[in-house]
Amino acid sequence: MAKVAVYNMEGKEVDSIELNDSIFGVEINEHLVHMAVLQQLANKRQGTQKAKTRSEVRGGGRKPWRQKGTGHARQGSTRSPQWTGGGVVFAPRDYSFKLNKKEKRAALKSVLTSKVAENKFVVVDELKLDEIKTKKFVQVMDNLKVEKALVVLNDMDTNVIASAANIPTVKTAQTNELNVFDALKYVKV
């Protein structure tokens, strides 16, 4: 089992905690991590572009010239894709694809394991702010010697979330919103 130090908001080490090997001690599967990141980025794409196929383009009802004897290649319509003003063969599409639940979970466990192995996983005993103040949150981050971080909260703490909202190098997420892309994007978790 991996052991990680527990810090308080002043940045002092107060305890240590043993992490569960079923989540923080799995074999790292780089392929699944890659697929999870690809899936998240692909599913973000809007994919609402449109191009007309040969059946939707205006005109082209008549055969441009007779089938044989002209020396030209045979053509059935002036709206075929090879013609100027013709339809588009491979029109824009929906880029999203699906990963299985087990694959997603394995990818997230791989990322969390790698963060613990690289000492980029910081545990804080409690993160509570009396009021919404970005300055106080920045002070806490400085105490922990953390700059670019994904702050994972156990419950919906509006003071912490609102205090961190204006910091471009920090993102807050709840435990049920944790994903592979964010865990990789930010240096510390």
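Tutor: Contact here means heavy atoms within 4.5 Å. The model is predicted: local features need pLDDT of at least 70, side-chain atom pairs pLDDT 80 or more, while totals for chains, interfaces and linings use all residues. Residues are numbered from 1 along each chain as its sequence is written, and side-chain values use heavy atoms, without hydrogens and water.

Student: Which residues is S77 in contact with, leaving aside neighbours within four places in sequence?

Tutor: R54, G60, R62, P64 and W83. S77 itself sits in the loop between helix 2 (30–44) and helix 3 (101–117).

Student: Why is S77 called buried?

Tutor: Buried means under 20% relative accessible area, exposed over 50%, partly exposed in between (1.4 Å probe, protein chains only). S77 has 9%, so S77 is buried.

Student: What lies 3.0 Å from a polar atom of the S77 side chain?

Tutor: The backbone nitrogen of R79.

Student: How do you know that F137, V140 and M141 are on the same side of helix 4?

Tutor: These three are buried in helix 4 (residues 134–143). They cover an arc of only 100 degrees around the axis, so they share a side. The arc is that of the directions from the helix axis to the C-beta atoms.

Student: What do the buried residues of helix 4 pack against?

Tutor: Strand 4 (149–153), helix 5 (158–164) and strand 5 (170–174). Helices (H or I, at least four residues) and strands (E, at least two) are DSSP runs, numbered from the N terminus.

Student: What makes strand 1 and strand 2 a pair?

Tutor: Pairing takes at least two DSSP bridges between two strands. Strand 1 (residues 2–7) and strand 2 are joined by 6 bridges and run antiparallel. V4 has I17 in strand 2 as its bridge partner.

Key. A polar contact is a pair of N or O atoms within 3.5 Å; within protein, one must be able to donate a hydrogen and the other to accept it, and residues adjacent in sequence count only if both atoms are side-chain atoms.
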